[in-house]
Amino acid sequence: MPASNSPSNEGLPAIANEVNSIAQEITVLIKLPKGNGSGVIIAKKENTYYVLTAEHVLRDQTNLEVKVVTPDGNSHIVKVSDNTVKKLSVDLAVLQFTSSENYQVATLANHDLEKKGGLVFVSGWVGSKPNEGKIIPLFTAGTLFEKQWGILQAKDPVRLTYGYGLVYTNVTEGGVSGGPILDSRGDVIGIHGRAEAEVVVEQAGYGRRTMNLGYSLGIPISTFLSLLTHTGIESGQLKIYNKQPLPLTDKEQNSIVKALLKLKQPTDNSDAVAWLNFGNQQWRLSNYEDALAAFDQAIRISPKLYEAWYARGLSLLSQEKYSEALDAFNKAIQASQESKKEFAPAWRGRGQALINLNRYKEALESFEKAIALKPEDLLVYIWQGTVLQTLGRYEDAIIAYDKAIGIKPHPLAYYNRGLVYGYLGRRQQAIADFKKVIEISPDYADAYISLGHEEYTSGNKNAALDYFNKAIQIAPYYAGGYFNRGIFRYYLEDKQQGINDLGKAIQLDPKNPYFYFRWGGIYYNEGDYQEAIRYYDKALKINPLIGEFYYSRGLANYKIENPKAALENFQQAVRLFTEQGKDFFSKQAQARIQEIQSFSSNVDLRNVATYQGNALNTTYKYPGHVTIKIAEIDFKSRKIKVQIEFTQGLNGEGLLEGVINSNNVADLSGIVGTLETAGFFDTKVKIEFIGNDKLKGVYTLEAGANNIAGRTQNGEFTATKVKEVSQDNSSKEGLNTQDAEVYLKRANARRSQGDYDGAITNYNEAIRLKANYAEAYFGRAIAFALAQKDEKQKAIEDFNTVLRLQPNSLDAYYYRGLVRADLKQYKEAIEDYTQVLRPQEFSGIGVKTELNPQTKVLIVTEIIKNSPAQRGGLKPGDQILAIDGKSTTGMNLEQAVQLIRGKVGTSVKLRAIHADKSAFNVSIIRAQIFDSKFAEVYYNRGLAYAKQGDKQRASEDFQKSAELYQQQDNKEMYKIVMDKVRELQK
C-alpha cells in the first residue's frame, strides 16, 4: 500500500475524521513469524484484553509466538495456544494479551446496517511487500451492499461461506484481514476477512501475488455475538450499541470515499497484475473509464491474462456496453482454455451480456456451461431461471429457482419463482413465495407490488392499493412502484391519479422503454391509436430490440388502416422473436402477417359488418367492451372468420374461425394475443346471431404454457351492429380528434411526464373545442405554473376561470394559493389555503363511506388514522346497517353522513357487519377531525404566515401539519415541519 494512502486527520470530512480517530485507538497489528494481520480490541477483564480477528490470520500458528502491537506502539508477545486463542466455527478468532496499560475498547454495533447497507470504513495494517520492509496503516471508506444483494454482487457467491455475509467496495490489501469494519459512528459492524481474488504464480521480484477481481468480504458482528459463549467473554464485558447511525446522502458518502482513497497509479515498470489491481480499485469507485484503461494496459502487457479480460468485461457491463462486454468475456474464456483452465465467472458474465442483447438461447448455453463448472453457484441458477422464464419455459424456470433456493434461500429466487407461479395460475404458491421474500427482506418493494397484483386479481381493491402504497413508502424514489400503482389507479380507481403516478414513474426513470410501451397500451385500449403509436415510437427509440414493441405498433397501424406499416412492424417482430428464441411469439406475429395479407386480398374492410357491445370477464369480474368484425363468410360451407377484440382486464384480440349451424350459432376457435406482453391464449367463442343487428356470446381463454395470466378465463358479451365510420383523417386517428376529451387525456399525460409545452398545446385544443371546459383550464393552469417560462400569471387567470365555472373546487383554491405564494402574494395565498381547510375541519368519528351502487348498502371505505372510528374497531369494508337506531336502508349518502357527524363529545351508536359477516354494535364519541391528507395545506399556510411575520399562526399550522404527517407515518415530512417549528422558537 503506498504511503500516500496512510490515514491522516488533515483535510478529512468531519465524519471520516471522527471514525478515523476511533479506528486508530482500537485497531491493532498482529505480527506473525511470516507476515501480519490486523485485529480490534473488543473487551477487557482486569489486565486481560480480548482482540477479535479473522481465524485464518492465526491458522497454523499454534505454539508459535505472535506480537500484538497496540496503538501506543508497544508489542505484547502471545504464545498461541487453546488458552490464548479461541477459534470459532466461522472465520473469527479471539486472541488474548495482558497489559497494565489502559487501551480503548471498541463499541460493537448490533443493528440493521448489514441488512440495509450504507457507508462503512475498514481499518487495518497493510503487510510489507518484498524489498519494502515496512508496514503501514490503512483506513478506507466504501459502500456496504444490502445483505441479500451483496450475494449477487459477489464474483463468486460460493465464497460467502464460513460466516462471510458482508460485501463492500472498500479497497483493502493483504495484512488488513481481521481489521474492523466500522459504521459512520465508529462502531464495529464486522470483521474484514478477504477480498475476491485469484492467486497468481510467483513472478520475479514479487513472490506470491493475488489479483483482485471483485469486492471485499467480511463477517457480521451479529455472527460473532451469536457465538459469544465459545469465546470466554461475558456479554457484560462488551460495549454494544443497537441504534443505527443517521443515513448520509449520496453526495456526502461519495465525498468521504474520494477524500480517503487517493489511488497511486502503477509505474511504467509495473506488471500486468499491478495494473489489473489498480483497475479493480477504480472499478470499485465506479470510475469505469479509468478502470477500463487500466485493464487494457494489463492486457497489453499480458494478452493471455484471462482475469484481465474478465475484469474488462465487468467494467463494460457496468457501462451497459454489452456487445463489447461479450467480446471481453469470450476472450477471457478463450485465454483460460488456452491456459488449460476453466473460469466459470467468465461464462456467467457472458450469459449476462447475452441477456442484455436479447440473445436468450445463447445466454442459456452460457449459464449451463457455468453450472457444469461450478454447480454450487446460486446466482447462475437465478440467471438461468430468468432466461427460461423469458422464453416461456415456466416449469423449467421453476426447477432452476428451486436449485438456487436449495443452495441458499435468496429473495430474488423466491420472487422470480412467485412470478412464474402467477403466470401458471398457481396463485397460492405465488403469494407464499412473495410473502417469503418479505420475511427474508422486509424492504423488498417489488414483492409488495406483486402481492398488490394478486389482490387486484382477486378483486380486493383496498388490499391491493395498500400493498402498492407500502411499496412506495419503502422506496419513495422507485419508479416501478409509481408505475404499478398508476396502472391500478387508472383502470380501477381514479384515472387522473393514475396518470399522475405513471408520469411520476417516467420522470424518475425516463429511459425505461416499458413505461412508454404501457402508456401506448393505455391509448390503444381507449382507441387513440395515433397517440399509441407515438408512445411505441418512444419505447423503440430507447430499445429497438424488443419484438413486443414492434408487434404492438403493428396492431395500432393496422387499426388506423395502414397495412403497409403494420406489415413492416410484424415482420420486424418476427425477426426479433426468432433471433431471441421466442418461437411461439414469432408464430403469432407470422399469423398477423397472414391476416393482413388475407384481408388485403379477400376482404373490403369498408363492407365488413362490425358489432360492438359490453363484455364481462366472469372469472375476474372485469367489465369491458367487445368489438367483433365478421371478416369473411362462405355461405355455401357456412364457414366464418371473425376478428374479435376485448378491451377489459385482458386487452387482447385475434382472428377466429368456425362454422355457423342451422340455429345461427357460430362455434369459433383461434388465438387471442394480449397487447402489453404478447402472451397468447387458445380461445373458444360461441356466438348466437339474433336478428340482423344483434348477437350475444360466451368465451373461454385457455391457460397454457405461453400465456401471461396462467388461469383459464371465462366471459360473456352482447353486441349490436354499428354503422361504419367514414374513412377521413379524423377516423384514422383512432378516435374523433374533434373530441375535446381526447386532447384533455393527451394533455394530462404529457403534463404528468414533464412535457409542459406539449401539454399546453393539447389543453389549448381541448378548450377550443369545448367552451367552459373546467378540467382543461385547471390542467393548463398547472402546466403554466410548472413550465420553465414565467407563465405563473397565466396560471392564476386559468385558476380564476375554474373557480368561476366550479366555485367549490378545493384543488383550484389550493394550487392557486401555491402560485400566489410563489409570487410572494402571501395574504392572497393564505386566503386560498383557508378556503381549502374551512370545510375539512369538522366533528365526527373519522370515517369515509360510500353507497354500494348495486346493493345500496353503506360501506366504510376509509378510516382516518388514530380517529375515534379506528379506536372503536371499525375497518374498511364494514357495512353500516343502522345509525342511532335508524336503518341505513333507503338513505342517501348525505343523510348518512349528517347522522354520523355531530357535536364534539357526543356519541353515535352504529350497528355494523365486518367483512367476515360478524355483526357488532359500537358507540363512538365524536371528536374534531382533521384529515391527514391536508397536512400539506397546513404546512404551506404556515409558510405563508411565517413570511408575513405572524409566528403564532405559523407555529399553530406547523404543529397541526406535523401531527397529521405523524398520522401518515411520514417521518421525513414530520422532521421537516418540526424543524420549522424550532426555527420559529429561536
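## Strands β6 and β7

In this predicted model, strand β7 covers residues 93-98 and pairs with β6. The two strands run in the antiparallel sense, joined over three bridges. K86 sits opposite V94 of β7.

## The sheet around them

Strands of a sheet pair through backbone hydrogen bonds, either parallel or antiparallel. Here the pairing is antiparallel. Seven strands make up an open sheet. Their order is β5-β4-β1-β2-β3-β7-β6. Two strands lie at the edges: β5 (75-79) and β6 (85-87). Each of these pairs on one side only. Neighbouring strands of the sheet are turned against each other by 30 degrees on average, direction ignored.

A helix packs on this sheet: α1, residues 14-26. Helix α1 touches β1 (27-31) and β2 (36-45). The direction of α1 makes about 40 degrees with that of β1.

## Helix α28

Further along the chain comes helix α28, residues 756-769. How far should its 14 residues span? At 1.5 Å a residue, the expected value is 20 Å. The end C-alpha atoms are 20 Å apart, so the model agrees.

At the N-terminal end, D755 caps α28. A side-chain oxygen of D755 lies 3.1 Å from the backbone nitrogen of G758.

## The buried residues of α28

An α-helix has 3.6 residues a turn, so residues three or four places apart point the same way. Which residues of α28 are buried? They are Y756, G758, A759, I760, N762, Y763, A766 and I767. The buried residues of α28 pack against two helices, α27 (740-752) and α29 (774-786).

Technical notes
Residues are numbered from 1 along each chain as its sequence is written. This is a predicted model: local features need pLDDT of at least 70, side-chain atom pairs count only at pLDDT 80 or more; totals for chains, interfaces and linings use all residues. Side-chain values use heavy atoms; hydrogens and water are left out. Two strands pair if DSSP finds at least two bridges between them. Helices (H or I, at least four residues) and strands (E, at least two) are DSSP runs, numbered from the N terminus. Axes are lines fitted to C-alpha atoms, for helices over the stretch in contact, and angles run from 0 to 180 degrees between N-to-C directions. Contact means heavy atoms within 4.5 Å. The expected span of a helix is 1.5 Å times one less than its number of residues. Buried means under 20% relative accessible area, exposed over 50%, partly exposed in between (1.4 Å probe, protein chains only). A polar contact is a pair of N or O atoms within 3.5 Å; within protein, one must be able to donate a hydrogen and the other to accept it, and residues adjacent in sequence count only if both atoms are side-chain atoms.
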